[in-house]
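Work through the exercises below with the sequence and the model side by side. Try each task before reading its solution.

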Amino acid sequence: MKNLILLYLLITSASAAFAQQPDVEKKLKELGLQLPPNQKPIANYVKAVRSGNLVFLSGQGPSTIDGKLLAGKVGKELTIEQGYDAAKLTGLSLLTSLKEEIGDLNKVKRIVKVLGMVNCPENFTDHPKVINGFSDLMVVIFGEKGKHARSAVGMNSLPFNIPVEIEMVIEVEN
């Protein structure tokens, strides 16, 4: 009898955990967010490489829904809040590339590691506040699976004067 009760509790908790897994596409719609179109690489590289259950995404910048890149130095032409929004847009661009690579964003097991680069003047020190735009978005979309290890650093310049560039490593299901 004890074993039956334990088995019931295991099945019930597993079912509840499975039921609580958010549907990523549904979550994006609820938030009023749309993935931008995937843009081709601008040089000799690919946007995603899968090795086993890990997907490595190349650095990307913020693009609008019409594919236009944002530009400007955070702390000079752009405020921290505008940088935060740019990091959020970059997250959506990365999700577009990830979806193209794995087919279904619900296959994400964990956002593992993120490198966030901020285009800023040399005296700027609020890089983490800017890259939080990306990190906050991943947690809102993926819940606990969206929490990740991260580096946020400043750069003297980034390609096309984009305000942020972010790359990430994701663990996915088979």
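The exercises go from the chain as a whole to its sheet, its core and one loop residue.

The model is predicted, so local features need pLDDT of at least 70 and side-chain atom pairs count only at pLDDT 80 or more, while totals for chains, interfaces and linings use all residues. Residues are numbered from 1 along each chain as its sequence is written, and side-chain values use heavy atoms, with hydrogens and water left out.

**Exercise 1. The chain**

State how many helices and strands the chain has, and in which order they run.

Solution. Helices (H or I, at least four residues) and strands (E, at least two) are taken as DSSP runs, numbered from the N terminus. This gives four helices and five strands. Read from the N terminus, their order is α-α-β-β-α-β-α-β-β. Next, take burial: buried means under 20% relative accessible area, exposed over 50% and partly exposed in between, with a 1.4 Å probe and protein chains only. On that basis 37% of the 174 residues are buried. Last, count contacts (heavy atoms within 4.5 Å): among those with a separation of 6 or more, 82% join residues 24 or more positions apart.

**Exercise 2. The sheet**

Derive the strand order of the sheet and explain why β1 and β4 each have one side without a neighbour.

Solution. Two strands pair if DSSP finds at least two bridges between them.

1. β1 and β2 are antiparallel, with four bridges; Arg-50 faces Val-55 of β2. The two strands form a hairpin with two residues between them, and Gly-52 in the turn has a positive phi of about 65°.
2. β2 is antiparallel to β5 over five bridges, and Leu-57 has Met-168 of β5 as its bridge partner.
3. β3 (residues 108-119) runs parallel to β4, joined by seven bridges. Here Val-114 lies opposite Arg-150 of β4.
4. The full order is β1-β2-β5-β3-β4, an open sheet of five strands with mixed pairing. β1 (48-51) and β4 (149-155) are at the edges with a single partner strand each, so one side of each lacks a neighbour in the sheet.

For β2, five of its seven residues are buried, so the rest of the structure largely encloses this strand.

**Exercise 3. The core**

Identify which residues have the most contacts inside the largest nonpolar core, and which elements give two or more residues to it.

Solution. A nonpolar core is a set of buried Ala, Val, Leu, Ile, Met, Phe, Trp, Tyr and Cys residues joined through side-chain atoms within 4.5 Å. The largest has 33 residues, and Leu-95, Leu-98 and Met-168 have the most contacts inside it. Two or more residues each come from α2 (24-30), β2 (54-60), α3 (80-102), β3, α4 (127-142) and β5 (164-172). Beyond four places in sequence, Met-168 touches residues including Phe-56, Leu-95, Ile-111 and Phe-134.

**Exercise 4. α3 and the loop after it**

Compare the expected and actual span of α3, then decide whether Leu-105 is buried or exposed.

Solution. The expected span of a helix is 1.5 Å times one less than its number of residues. For the 23 residues of α3 this gives 33 Å, which agrees with the 33 Å between its end C-alpha atoms. Gly-103 follows α3, with a positive phi near 85°. Leu-105 lies in the loop between α3 and β3. Its relative accessibility is 1%, so Leu-105 counts as buried. Its contacts beyond four places in sequence include Leu-35, Leu-98 and Phe-142. Val-24 is 81 residues away along the chain, yet its C-alpha atom is 6.2 Å from that of Leu-105.
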